[in-house]
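Here's a walk through one protein chain and its ligand. Keep the structure open as you read, and rotate it as each part comes up.

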Amino acid sequence: MKPDKYRLETDAEKIKTEREREKIKTERDFEEDSGFELLKRVITESTGFNCEQYKEAHFRRRVNVRVRATGSESYEEYLKLLRKSSIEHEYLIKALTINVSEFFRNPETFEVIEKEVVPFLIKSRSDSLVKSIRIWSAGCATGEEVYSLAILFHRALGKDLDKYRISIIGTDIDTISLEKARKGIYPENVLKNIDASTREKYFVKKGETYQVLDNLRSIIRFKRHDMISESCIDHFDLIICRNVMIYFKKEIQEQLQLNFHRALNKKGFFVIGKAETLLGTASNRFKPYNARERLYLKEN
Ligand SMILES: C[S@@+](CC[C@H](N)C(=O)[O-])C[C@H]1O[C@@H](n2cnc3c(N)ncnc32)[C@H](O)[C@@H]1O
């Protein structure tokens, strides 16, 4: 008789082995998932970051970035670390949120805002006693979108800026990004859509970086705000929320779009990202203003 190691597996043995493998795999998945579920709960409780609202695959990918970066071998191990380290909370939030932005991102969209939306808003307030125009950049990351809008109003109003009460609020869930936004210091590559004369007028070059000048800052405010779990701020004439909702589950996107609709004044504008769409009831509430550039109007 051949020794055991040369013996071929019978079909029945193969099936048994397959089943065992399957069982072990399922148990491992279950263990990973129970660790993951617990981790989600702890993240929500300790950081206020509402994990359930994010698309599962996106969320898991982002968490895994930190699990790997900290050398943790399992979600449980990472959880232990997270419970001990407050700095890891910050890093985790940073990993969960994608903060890339640039000045005048999608320049064609900003062209419509500059040529049509800004003049419309300015004109509509020209006869009012208090010429107030309120703008909200929701999910503003490191502030480029906010400063871009400020440049447009500054450019359009020139010396008349003081006659108007322009207020642009930039909000984000990520405090590290907001800190950068407040500092207003940027590497050259995020200014690639800004021509030389605009750079000169609104920025000062510091070594390899550009810092926003004070003439823009007076109309800008940055604030931490979680658009999912905190109530909406309101009475805006323009709300821009681009490249944020795309990471959320569809029902959350729709709810947010309805919230933004409520937060707008009559004849207020709403701008979303080029890869985003209005969903469900929200798509009936807004009137397309420039569908290609994802600009919508709240008629009444
Ligand atoms: C890709 S950036 C978009 C920046 C800018 N709007 C743009 O289009 O260039 C997405 C931002 O959304 C923020 N964000 C994610 N979830 C959020 C939430 N629940 N509330 C507020 N901001 C959130 C992230 O922190 C990140 O800074």
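How many bridges join strand β9 (residues 287-290) to β10, and do the two run parallel or antiparallel? Three bridges hold this pair together, and the strands run antiparallel. One place to look is P288, whose bridge partner in β10 is Y296. Between the strands of this hairpin sit four residues, and R294 takes a positive phi near 60°.

Before going further, a word on what you're looking at: this is a predicted model. The mean pLDDT of the protein chain is 88, with 88% of its residues at 70 or more. Two stretches call for caution. Residues 1-11 stay under 50 in pLDDT, and the model gives them two contacts beyond four places in sequence. Over residues 21-28 the pLDDT is also below 50, and here the model has zero contacts beyond near neighbours in sequence. Where pLDDT is low, the predicted coordinates shouldn't be read in detail.

Now for the overall picture. The protein chain has 11 helices and 10 strands. Of its 300 residues, 32% count as buried. Take the contacts in the chain with a separation of 6 or more: 74% of them link residues 24 or more positions apart.

Back to the strands, going on from β10 (residues 295-298). Besides pairing with β9, β10 is joined by four bridges to β8 (residues 264-272), again antiparallel. On this side, F270 is the residue that stands opposite Y296. So Y296 is a handy landmark, as it also has P288 of β9 as a bridge partner.

From β8 you can step across to β7, and here the sense is parallel, over five bridges. L238 is a good spot to check this pairing, with F269 as its bridge partner in β8. Carry on to β1 (residues 132-138), which runs parallel to β7 and is joined to it by three bridges. In that pairing, S137 has I240 of β7 as its partner. How buried is β7 itself? Six of the six residues in this strand (residues 236-241) are buried, so β7 is largely enclosed by the rest of the structure.

Turn next to helix α7 (residues 175-183). Its buried residues are S177, L178 and A181. They span an arc of only 100° around the axis, which puts them on the same side of the helix. What do they pack against? Their partners are α6 (144-157), β2 (165-172) and β6 (220-224). After α7 comes G184, with a positive phi near 65°.

Another residue to visit is Y202, in helix α8 (residues 196-202). Y202 counts as buried because it has 23 C-beta neighbours inside 10 Å. Leaving aside residues up to four places away in sequence, Y202 touches I151, V212, L213, N215 and L216. You can also find Y147 from here: it is 55 residues away along the chain, yet the two C-alpha atoms are separated by 9.4 Å.

Finally, have a look at the ligand. Which residues come nearest to it? Of the 21 around the ligand, those are T97, S101, G139, A141 and N243. By class, this shell is a mix of eight nonpolar, seven polar and six charged residues.

Notes. Residues numbered from 1 in each chain as written. Predicted model: local features only at pLDDT ≥ 70, side-chain atom pairs only at ≥ 80, totals over all residues. Near = placed C-beta within 6 Å. Nonpolar A, V, L, I, M, F, W, Y, C, P; charged D, E, K, R; others polar. pLDDT = per-residue confidence, 0-100. Contact = placed C-beta atoms within 7 Å. Buried ≥ 20, exposed ≤ 12 C-beta atoms within 10 Å, placed from the backbone. Arc of directions from axis to C-beta. Pairing = 2+ DSSP bridges.
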